[in-house]
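This briefing introduces a structure to a reader who has not met it before. The sequence and the model are shown first, and the points that follow are grouped by topic.

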Amino acid sequence: MKTTTKIISLALLATTVVGIASLPTQAVMADQQSVSASSQSNTSTLSSSYVVYGAGAPQSVYSDLNDTMDVDSSFKKLTATAADYQQYIGNDSSTTNAAMISSVSIAPTDPGSGVKVNIRKYNGKSNITKVTAQQYAMVAQMAGVTDITINVTANRPVSGESALTGVYKAFAADGHQLNPQNTSAANSVMDATQGAIDANSDDKNYAGKLMAAVGDVSKQIAQKKQNSGELATKQDIQKMLNDALEKRGIEDQTSTRQQNKIANSLVTFQNSPISSSKTYVNNVTNTINNVKNSSGNLMNKAKQWANSDSAKQAEQQASNWFQRLVNWVRSFFN
């Protein structure tokens, strides 16, 4: 009778274990389907995590940069050079490798998470002195990337304009050739918003509100173009922007000259291929939500789950649980 009971228990146990063992495979299949669907869209995310060091950052500081940007051994390593800057940002022949100081880490996140950016202090110092986390996030989205977390830092004070070079280079290395018209249009938005942000540097919420307003207008432009097949006029875009700024409560903080410059950059966006993308309309909403209520330099304080201590702890707990299960099965035969 005892032997029969053991056999029945083992049979039930085997069924349970097989069911549990099948879960990771099912999860992998689901992830593969998700990646496949993502690859068909006009905006891209990454399949791996990357760290891109500025060519002007000495290798002696790489360890500190890694610690600052939550980089571990799973990140693929690249270097952003002056030639990369000229390719992805602007044809400025005066840019040198020594001037490429900003470094970035880029990690894929869950579908629908949009773009989040953290500007990290290096050894306690805020060395990115000009570009804001909210600018980086919206501009990267408008260039054609999504569902990533970007960490930006520098080992000495720099304005930070070249940091997007590393983001674009990582996507190219990952097999995503971003359309140069899209990146050029996105870069023009970076330039156009800088004056207004500088003028309101004493308001920590301004950058988030401004970039959310820019995202709102880009979405409206794309929807109009896709739904009616018609382009918005410059006057249409100016009104959209004025309304968006008013909605965010910063119309009076943004001068007519600043608004005109931003509207011109949005005309450039309208003429870029990404404004015809339905997936852009969906994805930009996620990034708008990320930036609209954000202030300061940190938009996502959590590390990427796959690289986090919590994930490693969970993995160890699962391993310990399975070992206890094996030991329990062995006890039937002792």
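## Aromatic pairs, a sheet and a buried helix

Three aromatic pairs are found when the whole structure is searched. One of them is formed by Tyr-53 and Tyr-62, whose ring centres lie 3.8 Å apart with planes at 10°, so this pair is stacked. The model discussed here is predicted.

**The tyrosine pair**

- A pair of aromatic rings is described by two quantities, the distance of the centres and the angle of the planes.
- The planes of Tyr-53 and Tyr-62 stand at 10°, and planes under 30 degrees apart count as stacked.
- Tyr-53 and Tyr-62 are both buried.

**The sheet**

- An open sheet is built from five strands, with mixed pairing, in the order β2-β1-β3-β5-β4.
- Strands β2 (76-80) and β4 (115-119) occupy the edges; each has a single partner strand, so one side of each has no neighbour in the sheet.
- From one strand to the next, the twist averages 20°.
- Strands of a sheet pair through backbone hydrogen bonds, in either a parallel or an antiparallel manner.
- Strand β3 (residues 103-108) and strand β5 (residues 148-153) run antiparallel and are joined by six bridges.
- Within this pairing, Val-104 is placed opposite Val-152 of β5.

**Helix α4 against the sheet**

- Helix α4 packs on the sheet, where it touches β4 and β5.
- The direction of α4 makes about 150° with that of β4.
- Helix α4 is largely enclosed by the rest of the structure, because 11 of its 11 residues are buried.
- Among these buried residues are Ala-133, Gln-135, Tyr-136, Met-138, Val-139 and Met-142.
- Gly-144, just after α4, adopts a positive phi of about 120°.

**Gln-134 within the helix**

- Gln-134 belongs to helix α4, which spans residues 133-143.
- The relative accessibility of Gln-134 is 2%; the residue therefore counts as buried, the cut-off being under 20%.
- The side chain of Gln-134 reaches the backbone oxygen of Gly-296 at a distance of 3.2 Å.
- Leaving aside residues up to four places away in sequence, Gln-134 touches Ala-207, Gly-208, Met-211, Val-291, Ser-294, Ser-295, Gly-296 and Met-299.
- Gly-296 thus appears twice for Gln-134: its backbone oxygen is reached by the side chain, and Gly-296 is also among the residues that Gln-134 touches.

Methods
Residues numbered from 1 in each chain as written. Predicted model: local features only at pLDDT ≥ 70, side-chain atom pairs only at ≥ 80, totals over all residues. Heavy atoms only, no water. Helix = DSSP H or I, 4+ residues; strand = E, 2+ residues; numbered from the N terminus. Buried < 20%, exposed > 50% of the residue type's maximum accessible area, 1.4 Å probe, protein only. Polar contact = N/O pair within 3.5 Å; in protein donor to acceptor, adjacent residues only side chain to side chain. Contact = heavy atoms within 4.5 Å. Pairing = 2+ DSSP bridges. Axes fitted to C-alpha atoms, helices over the stretch in contact; angles between N-to-C directions. Phe/Tyr/Trp six-rings, centres within 6.5 Å; stacked < 30°, edge-to-face > 60°.
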